[in-house]
Amino acid sequence: MIKNNWRPWFLLFPVLMIMIIFVFFPILQTFYYSLHDFKLTRPNQIEFIGLQNYREILKNKDFYHALNNSLFILVIVVCLTMVSSLFVGILLNIQTKMSGFLTAVAILPWALPPLVNGIIWSFIFHPTYGLLNKVLINFNLINKPVVWTNNTLTLLIIVSIIVAWRIVPFCALIILANLQSISTDIYEASAIDGAGKYRTFREITLPLLSPSLLVCLIQATLAGLNVFDEVIALVEYRQDAQTLLIYNYQNTFSFLEFGYGSAITYIIMIFTGIAGYFYVRNMTQSM
């Protein structure tokens, strides 16, 4: 038995090397940069400054503005995704001749890259030739085209809708798979006991869907926090529309502040890690 212990490690070695090179090393390197004054405009003058980058970030109004935008998008994305995914999953669970076709169509938004999704929606909300303005004008609901992305609040809501539109199909398929795994005997027993459709859904379906709903919650949270392409497709790098990722990207790659940008990366990672910890803990408890 002792002699054979090397075999699992030998089989795991390629994966371990990939994880070390492409995951653990970049994480440590990023933390190292976050503790230094490192600008790419002067790469030979790297100075250790400790937590100074973190202190500057927490004093920066632009960071809090980007954080507020990200949290606002996160809340709307989570609400829209959870409700819409449950609704779409239940609809797809209804057995018809078109079920397979509808399932294939429903997955299309998720299959598209985020940037492509954002570009498609930018044509819908474009003030000049956008589909939404044309429809509203044809129905006499507005007199002239509306610039939907001018207002920050409206823009953030539009971005949230686009992100939810992209993530809902994947979450709906998870819920659909969970629905199809529920035994029909349970519903037959509840019907014999006289439970109505609403009570059956509330007391049987929803509790049994809790594992898939938690997975959807994690997916929606990650999608809401990692908003980048959709904003770029609509308004590019506009100051008032910055999310945490855009704020990080501009400081790191536009202003070439690698130390400052690395600190932002770690702060985002901490936020995501805290959210992921509570979700995973609740998931293991529910299972």
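# Notebook: helices, pockets and rings

I began at the start of helix 9, where a side-chain oxygen of S183 comes to within 3.2 Å of the backbone nitrogen of D185. I note here that the model is predicted. Then I looked past the other end of the helix. G194 follows helix 9, and its phi is positive, near 90°.

**Largest pocket**

Helix 9 came up again when I turned to the pockets. The largest pocket has a volume of about 380 Å³. I listed its lining: I90, N93, L179, Q180, I182, T184, Y187, K197, Y198, T200, F201 and T205. Four helices give two or more residues to this lining: helix 3 (61-93), helix 8 (152-181), helix 9 (184-192) and helix 10 (197-208).

Which helix gives the largest share of the lining? I found that helix 10 does, with five residues. I then sorted the lining by class. Six residues are nonpolar, five are polar and one is charged.

**Second largest pocket**

I moved on to the second largest pocket, which holds about 210 Å³ of space. Its lining consists of S84, V88, L91, L92, V105, A106, P109, A164, W165, V168 and P169. Helix 3, helix 4 (99-106) and helix 8 each supply at least two of these residues.

How many charged residues does this lining have? I counted by class and got ten nonpolar, one polar and no charged residues.

**I107, beside helix 4**

Next I looked up I107. This residue sits in the loop between helix 4 and helix 5 (108-111). I checked how I107 stands to V168, a residue that also lines the second largest pocket. I107 and V168 are 61 residues apart in sequence, yet their C-alpha atoms are 8.7 Å apart in space.

What does I107 touch beyond its neighbours within four places in sequence? I noted P169, F170 and L173. P169 is also on the lining list of the second largest pocket.

**Two threonines**

I picked T221 in helix 11 (residues 210-225). Is T221 buried or exposed? Its relative accessible area is 4%. That is under 20%, so T221 is buried. Residues up to four places away in sequence aside, T221 touches L74, V78, A275 and Y279.

T252 was my second choice, and its place is in helix 13 (residues 244-254). T252 has 9% relative accessibility and therefore counts as buried too, the cut-off being under 20%. I left aside its neighbours within four places in sequence and found T252 in contact with E257, F258 and G261. F258 returns in the next entry, among the rings.

**Aromatic rings**

I searched the whole structure for aromatic pairs and found 14. One of them joins F123 and Y129, with 6.2 Å centre to centre and 35° between the planes. This pair is tilted. I checked both residues for exposure. F123 has a relative accessible area of 44% and is partly exposed. Y129 is at 44% relative accessibility and counts as partly exposed.

Then I took F253 and F258. Their ring centres are 6.0 Å apart. Why is this pair edge-to-face? The planes stand at 75°, and over 60 degrees counts as edge-to-face. F253 itself is at 51% relative accessibility, so it counts as exposed, the cut-off being over 50%.

I also asked which cluster holds F253 and F258. They belong to one aromatic cluster with Y32, Y33, F38, F228, Y237 and Y249.

**Positive phi outside glycine**

My last search was for residues with a positive phi that are not glycine. I noted N140, with a phi of about 60°. N140 lies in the loop between helix 7 (131-138) and helix 8. Is N140 buried or exposed? At 67% relative accessibility, N140 counts as exposed.

E236 went into the notebook next. E236 is not a glycine, and its phi is positive, about 60°. Where does E236 lie? I located E236 in the loop between helix 12 (229-235) and helix 13. Its relative accessible area is 55%, so E236 is exposed.

Key. Residues are numbered from 1 along each chain as its sequence is written. This is a predicted model: local features need pLDDT of at least 70, side-chain atom pairs count only at pLDDT 80 or more; totals for chains, interfaces and linings use all residues. Side-chain values use heavy atoms; hydrogens and water are left out. On a 1 Å grid over the protein atoms alone, a cavity is a set of points where a 1.4 Å probe fits but cannot get out, and a pocket is an open set with protein on both sides within 12 Å along at least five of seven lines; lining residues have an atom within 4 Å of a point. Grid points are joined across faces, edges and corners, and a volume is the space filled by probe spheres set on the points. Ala, Val, Leu, Ile, Met, Phe, Trp, Tyr, Cys and Pro count as nonpolar, Asp, Glu, Lys and Arg as charged, and the others, Gly among them, as polar. Buried means under 20% relative accessible area, exposed over 50%, partly exposed in between (1.4 Å probe, protein chains only). Contact means heavy atoms within 4.5 Å. Rings of Phe, Tyr and Trp (its six-membered ring) pair if their centres lie within 6.5 Å; planes under 30 degrees apart count as stacked, over 60 as edge-to-face and the rest as tilted. A polar contact is a pair of N or O atoms within 3.5 Å; within protein, one must be able to donate a hydrogen and the other to accept it, and residues adjacent in sequence count only if both atoms are side-chain atoms.
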